[in-house]
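Here's an informal walk through one model, taken a piece at a time. Have the sequence and the coordinates open side by side as you read.

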Amino acid sequence: MSFTVAELLMVLLVLVLAVLFLVRRLVRSEARFRMLAENSGDVVCLHDSHGQCQYVSPSVMRVLGYKPPSCPAQHVHKDDKQHLERVFHLALHSKEPVRCTFRAHTATGDLIWLESLMRPIPEGGIIATSRDVTDRKQVEDLYRILADSLPKNSFVLYDRGLRVMLAAGPLVRMNESLLGKVEGRHLMEVFKHLFDREQLAEADQFWSGALEGRSSSTEIPLRGSIYQLQHVPVLDGAEVIAGLMVATNVTEDRSREAALQDRTEELERSNRDLEQFADIASHELKTPLRHISGFADILAEEHEGLLSNDADMCI
């Protein structure tokens with residue numbers, strides 16, 4: 001099959017127009033993205049798959065005091081760098097947005113908390129939207145102090161993507177020794193080190209149920225202890241915005257209940273033994289009394305009038 005020059009020119013023209021159309025759409029899309037980012041109060045950053053910042057919105061000046069192209073990732077506290085890198089790589093391969101919190105240095109030398117929501121993009125890379133959550137973290141610290149004052153209880157607050165938003169308590173500390181920070185991790189990833197397969201499958205149903213508005217409670221054996229797990233929805237008006245799991249160590253309570261049950265059964269057995277003894281003793285005591293009464297009747301009949309009045313009265 002051969003084409004004329006006119007046909008080839010026509011095909012070439014169509015291809016050029018198509019490319020121009022796509023470029024125009026891309027330019028418009030980028031312009032729209034920049035307009036949204038530059039009018040947002042949050043810091044919007046575009047990172048490539050290697051973590052290099054390709055774009056940062058002007059709001060970085062308001063939040064951190066730095067001018068673009070300086071981005072929050074360049075000012076992360078040294079103790080949070082590894083955590084942020086791990087979450088970034090997790091977000092690259094995730095179908096859902098991944099949330100994490102970290103500390104960053106401002107231009108004035110202050111240390112603030114940022115919460116970043118990372119979304120993967122088809123071209124390979126991440127769009128990260130970060131905001132200052134220092135005030136909220138102070139409230140969370142108070143919450144953790146409260147949780148630590150209740151040594152038998154652990155609390156896990158998770159978002160609609162089943163990722164940990166806030167966690168405190170013995171189970172959390174046990175997990176953090178294995179995993180580092182649990183905030184931003186998926187619940188399945190966090191608890192697969194503690195729950196067996198059956199417990200994990202059951203917990204997954206309860207987590208999802210809480211996000212659908214259902215409350216539930218169950219008890220599981222866990223590393224030599226017994227935990228009561230309560231799952232409740234967190235509501236904003238009528239909307240479920242998160243789920244909360246409360247894990248309470250009830251080992252001592254169940255041990256006391258078992259001991260009380262054993263004591264109750266022991267007392268019931270003792271009462272039955274006493275009743276049986278009383279029946280036997282009653283029978284044994286009644287038999288000689290019946291004999292005495294019979295002999296007294298015979299004595300009264302056969303010797304009536306032969307004895308003294310006092311003897312007759314006694315008989």
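Which residues line the largest cavity? They are R99, C100, T101, E115, R136, V164, M165, E183 and G184. Bear in mind that this is a predicted model.

**The cavity**

The largest cavity holds about 60 Å³ of space, and a search of the whole structure turns up 3 cavities of 30 Å³ or more. Sort its lining by class and you get 3 nonpolar, 2 polar and 4 charged residues. Strand 3 (98-105) and strand 7 (164-168) each bring at least two residues to that lining. Of the contributors, strand 3 gives the most, with 3 residues. One of the lining residues, C100, has a relative accessibility of 1%, so C100 counts as buried.

**Strand 10 and its neighbours**

Now over to strand 10, which spans residues 239-249. Is this strand largely enclosed or largely open? Of its 11 residues, 8 are buried, so strand 10 is largely enclosed by the rest of the structure. Being buried here means having under 20% relative accessible area.

Strand 10 pairs with strand 6 and with strand 9, and here is how the two pairings look:

| Partner of strand 10 | Bridges | Direction | A facing pair |
|---|---|---|---|
| Strand 6 (residues 153-158) | 6 bridges | antiparallel | L157 and L244 |
| Strand 9 (residues 225-236) | 10 bridges | antiparallel | Y227 and N249 |

Taking the strand 6 side, L157 sits opposite L244 of strand 10. On the strand 9 side, Y227 has N249 of strand 10 as its bridge partner.

How many residues lie between strand 9 and strand 10 in their hairpin? There are 2 residues between them, and G237, in the turn, has a positive phi of about 70 degrees.

**The cysteines**

What about disulfides? The search of the whole structure finds 0 of them. So why isn't C53 bonded to C71? C71 has the cysteine sulfur closest to that of C53, but the two sulfurs are 3.8 Å apart, which is too far for a bond. The cut-off for a disulfide is a pair of cysteine sulfur atoms within 2.5 Å. C53 has a relative accessibility of 24%, so C53 counts as partly exposed, whereas C100, at 1%, counts as buried.

Technical notes
Residues numbered from 1 in each chain as written. Predicted model: local features only at pLDDT ≥ 70, side-chain atom pairs only at ≥ 80, totals over all residues. Heavy atoms only, no water. Buried < 20%, exposed > 50% of the residue type's maximum accessible area, 1.4 Å probe, protein only. Helix = DSSP H or I, 4+ residues; strand = E, 2+ residues; numbered from the N terminus. Pairing = 2+ DSSP bridges. 1 Å grid on protein atoms, 1.4 Å probe; cavity = no way out; pocket = protein on both sides within 12 Å on 5 of 7 lines; lining within 4 Å. Points joined across faces, edges and corners; volume = space filled by probe spheres on them. Nonpolar A, V, L, I, M, F, W, Y, C, P; charged D, E, K, R; others polar.
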